[in-house]
Amino acid sequence: MSKREEGSFKERDGKLYAVVTWIDSGGKRHWKERRVRNKTEGNAVIKKMYQELDEHGAESLQADNKTFNHLATHLEENYLTPPEYVNGRKVAGKRSYKDDLGILKILREYFGRTPLREITWGKIEKFRVARIKTPTHRGEQRSIARVNRELSLLRHALKIAIGEGWLHKNPFVGPKPLIHTADEVK
């Protein structure tokens, strides 16, 4: 748990910023600032940032500027790696990592610079509809199964972001399911 200090305000280039400082368990001081219109809004922002710090930790507060590209790079480096075998048994990596890297490229093109916290159920639904409408490179109708595989990797990536403390809730939770396996043609 980190020790928190009081919030403050900083003015730079004629703009007002709400500043939150805390000391981590190692004794190192950290700060986070967000631009505000006035001190009333700033006090509310400071209270919200300290609440996030208390509920989700410092990693969450520092991750508010992470984009999908950050998550995709993390996925490539740590999860979408070639399989490693010991005595004929897979102990690390993924057998289908090459296919998943291709899917990740598609996801990067669509969500790349989008901040993780701005990826919502509605934006994922728009991605799903756009992918279904996009013909394959042969000009044929894209299969629902393929779109479902793309959405499955996106869901996996967002669960990893939650595990890393970069997101608080899963955007796949919404009014109806986004992955429709019953619509797949065998």
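Buried here means under 20% relative accessible area. With that cut-off in hand, open the predicted model and start on Asn-148.

**Stop 1: Asn-148**

Select Asn-148, which you'll find in helix H6. Its relative accessible area is 2%, so this residue counts as buried. Now show what surrounds the side chain: setting aside residues up to four places away in sequence, Asn-148 touches Ile-179, His-180, Thr-181 and Glu-184. If you'd like a distance to draw, try the C-alpha atoms of Asn-148 and Ala-182, which are 11 Å apart with these positions 34 residues apart along the chain.

**Stop 2: Glu-150**

Stay in helix H6 and pick Glu-150. Is Glu-150 buried or exposed? At 0% relative accessibility, this glutamate counts as buried. Colour its contacts next: leaving aside neighbours within four places in sequence, they are Ile-103, Ile-106, Leu-107, Phe-127 and Arg-131. Keep Phe-127 on screen, as it comes back later.

**Stop 3: the largest nonpolar core**

Time to zoom out. As a rule, nonpolar side chains in soluble globular proteins tend to be buried together. The largest nonpolar core of this model has 29 residues, and the members touching the most others are Phe-68, Leu-71, Leu-116, Ile-124 and Leu-158. Show helices H3 (68-78), H4 (97-111), H5 (121-133) and H6 (144-164), each of which supplies at least two core residues. Which helix gives the largest share? That's H6, with 8 residues.

Now centre on Leu-116. Not counting residues up to four places away in sequence, Leu-116 touches Lys-66, Thr-67, Phe-68, Leu-71, Leu-158, Ala-161, Trp-166 and Leu-167. There is also a second, separate core, made of 11 residues, with Trp-22, Val-36, Ile-46 and Met-49 among them.

**Stop 4: helix H3**

Select the buried residues of H3: Phe-68, Leu-71, Ala-72, His-74 and Leu-75. Look down the axis and you'll see them on the same side of H3, because they cover an arc of only 160°. The numbering fits a general pattern: an α-helix has 3.6 residues a turn, so residues three or four places apart point the same way. Among the elements covering the buried residues of H3 are H4 and H6.

**Stop 5: helix H4**

Next, put a distance between the end C-alpha atoms of H4: they are 20 Å apart, which agrees with the 21 Å that its 15 residues should span at 1.5 Å a residue. Then light up the buried residues of H4, namely Tyr-97, Asp-100, Ile-103, Leu-104, Ile-106, Leu-107 and Phe-111. These also share one side of their helix, because their arc around the axis is only 165°. Their cover includes H3, H5 and H6. Spin the helix round, and the face turned away from the buried side shows the exposed residues Lys-98, Lys-105 and Glu-109.

**Stop 6: the aromatics**

There are 4 aromatic pairs in the structure. Go to Phe-111 and Phe-127, whose ring centres are 5.4 Å apart with planes at 50°, so this pair is tilted. The two rings link distant parts of the chain, as Phe-111 belongs to helix H4 and Phe-127 to helix H5, 16 residues apart. Phe-111 is buried at 2% relative accessibility, and Phe-127 is buried at 1%. Add Phe-68 and Tyr-110 to the selection, and with Phe-111 and Phe-127 you have one aromatic cluster.

**Stop 7: charges over rings**

Two spots to compare by eye. At Arg-12, the charged end sits over the ring of Tyr-17, 4.5 Å from the ring centre. At Lys-66, the ring underneath belongs to Trp-166, and the distance to the ring centre is 4.8 Å.

**Stop 8: two loops with positive phi**

Most residues other than glycine have a negative phi. Select Asp-13, in the loop between strand S2 (8-12) and strand S3 (15-23). What is the phi of Asp-13? About 55°, a positive value, although the residue is not a glycine. At 73% relative accessibility, Asp-13 counts as exposed.

Finish at Asn-87, in the loop between strand S5 (84-86) and strand S6 (89-92). Here too a residue other than glycine has a positive phi, near 55°. Asn-87 has a relative accessible area of 81%, so this residue is exposed.

Note on methods: Residues numbered from 1 in each chain as written. Predicted model: local features only at pLDDT ≥ 70, side-chain atom pairs only at ≥ 80, totals over all residues. Heavy atoms only, no water. Core = buried A, V, L, I, M, F, W, Y, C linked by side-chain atoms within 4.5 Å. Buried < 20%, exposed > 50% of the residue type's maximum accessible area, 1.4 Å probe, protein only. Helix = DSSP H or I, 4+ residues; strand = E, 2+ residues; numbered from the N terminus. Contact = heavy atoms within 4.5 Å. Phe/Tyr/Trp six-rings, centres within 6.5 Å; stacked < 30°, edge-to-face > 60°. Lys NZ or Arg CZ within 6 Å of the ring centre and 35° of its normal. Arc of directions from axis to C-beta. Expected span 1.5 Å × (residues − 1).
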